[in-house]
Amino acid sequence: MDDAPSASGLLSVLATPIGNLEDLGARAARVLGEADLIAAEDTRHTVRLLQHLGLHRPLISYHQHNEARRTEELTGRIAQGARVALVSDAGTPAISDPGLRLIRACRQQGLTVEVIPGPSAVLAALAGSGLPATPFYFGGFLPVKSGQRLRELEAAAARDCTSVYFESPHRLVKTLTAAAESETLAACAICVARELTKIHEEFRLGSAAELRDHYTAKPPKGEICLLLAPTVNF
């Protein structure tokens, strides 16, 4: 394929699979194949996706440590006519992943931005949890510090909707222990959605104490969404 930029520059914000590569849609595959350049959170990860598709396209890294420098470079190339695809390791760029700075810069400069939707860990977790799905609150990654994390969870318990967070498998038991010891959180319905779309996908619903006991006995692995609903009987 000719690697010369096309006549009309474009930023394609492209969602990639959260686990199962078969979830990548035909439009996303086509856009990746037509891109003059792919800006990837981790080029090594994106190479595996391109190999799955049988594609070979130019790649450039775009992550939290080089966003400022890369944004200026990429908007310049788009302004000159390049078609740039922006991808993160999984899911949609700018949603708890790099990308917002580049998207905003393109909007400010009047450059064309399109979004190719696709797999979402948040929506998959919400749909499969059995907890109320409308409305819902998404809080991104839970705070690393224990005090801030507990305050965020107690704020979730005060909301009249389901709250969804990302959590590390290494902190999950600590988070569930803190929730089980909180009068505010002890009675809430909690779901751990783990390894979504992968071979070992798991949805486990219960109280904080029940889930703490389970994952203490069986330490979790993989990507985790933690969902909390304050008003659901389970």
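In this predicted model, Arg 159 lies over the face of Tyr 137, with 3.6 Å between it and the ring centre. The structure also holds 3 aromatic pairs. The points below cover these rings, a sheet of 5 strands and the helix α2.

**Aromatic rings**

- A pair of aromatic rings is described by the distance of the centres and the angle of the planes.
- Phe 138 and Phe 166 form an edge-to-face pair, at 5.2 Å centre to centre and with 70 degrees between the planes.
- Phe 138 belongs to strand β6 and Phe 166 to strand β7, so this pair ties together parts that lie 28 residues apart in sequence.
- Phe 138 has a relative accessibility of 26% and therefore counts as partly exposed.
- Phe 166, at 14% relative accessibility, counts as buried because the limit for that class is under 20%.
- Ring pairs join Phe 138, Phe 141 and Phe 166 into a cluster.

**The sheet**

- The sheet is open, its 5 strands follow the order β6-β7-β10-β8-β9, and their pairing is mixed.
- Strands β6 (136-141) and β9 (202-206) stand at the edges with a single partner strand each, so one side of each has no neighbour in the sheet.
- Neighbouring strands in this sheet are turned against each other by 15 degrees on average, direction ignored.
- Strands β7 (residues 162-167) and β10 (residues 224-229) run antiparallel and are joined by 5 bridges.
- Tyr 165 has Leu 226 of β10 as its bridge partner.

**Helices on the sheet**

- Helix α7 (residues 172-180) lies across β7, β8 (189-194) and β10, and runs at about 10 degrees to β10.
- Helix α8 (residues 208-217) packs on the sheet and touches β8 and β9.
- The direction of α8 makes about 135 degrees with that of β9.

**The two sides of helix α2**

- Which residues of helix α2 (residues 43-53) are buried? They are Thr 46, Leu 49 and Leu 50.
- Seen down the axis of α2, the buried residues fall within an arc of 100 degrees, so they line one face of the helix.
- An α-helix has 3.6 residues a turn, so residues three or four places apart point the same way.
- The buried residues of α2 pack against α1 (26-34), β2 (37-40), β3 (59-61) and β4 (83-87).
- The face of α2 turned away from the buried side carries Arg 44, Arg 48 and Gln 51, which are exposed.

Definitions and conventions. Residues are numbered from 1 along each chain as its sequence is written. This is a predicted model: local features need pLDDT of at least 70, side-chain atom pairs count only at pLDDT 80 or more; totals for chains, interfaces and linings use all residues. Side-chain values use heavy atoms; hydrogens and water are left out. Two strands pair if DSSP finds at least two bridges between them. Helices (H or I, at least four residues) and strands (E, at least two) are DSSP runs, numbered from the N terminus. Axes are lines fitted to C-alpha atoms, for helices over the stretch in contact, and angles run from 0 to 180 degrees between N-to-C directions. Contact means heavy atoms within 4.5 Å. Rings of Phe, Tyr and Trp (its six-membered ring) pair if their centres lie within 6.5 Å; planes under 30 degrees apart count as stacked, over 60 as edge-to-face and the rest as tilted. Buried means under 20% relative accessible area, exposed over 50%, partly exposed in between (1.4 Å probe, protein chains only). A charge sits over a ring if NZ of Lys or CZ of Arg is within 6 Å of the ring centre and within 35 degrees of the ring normal. The arc is that of the directions from the helix axis to the C-beta atoms.
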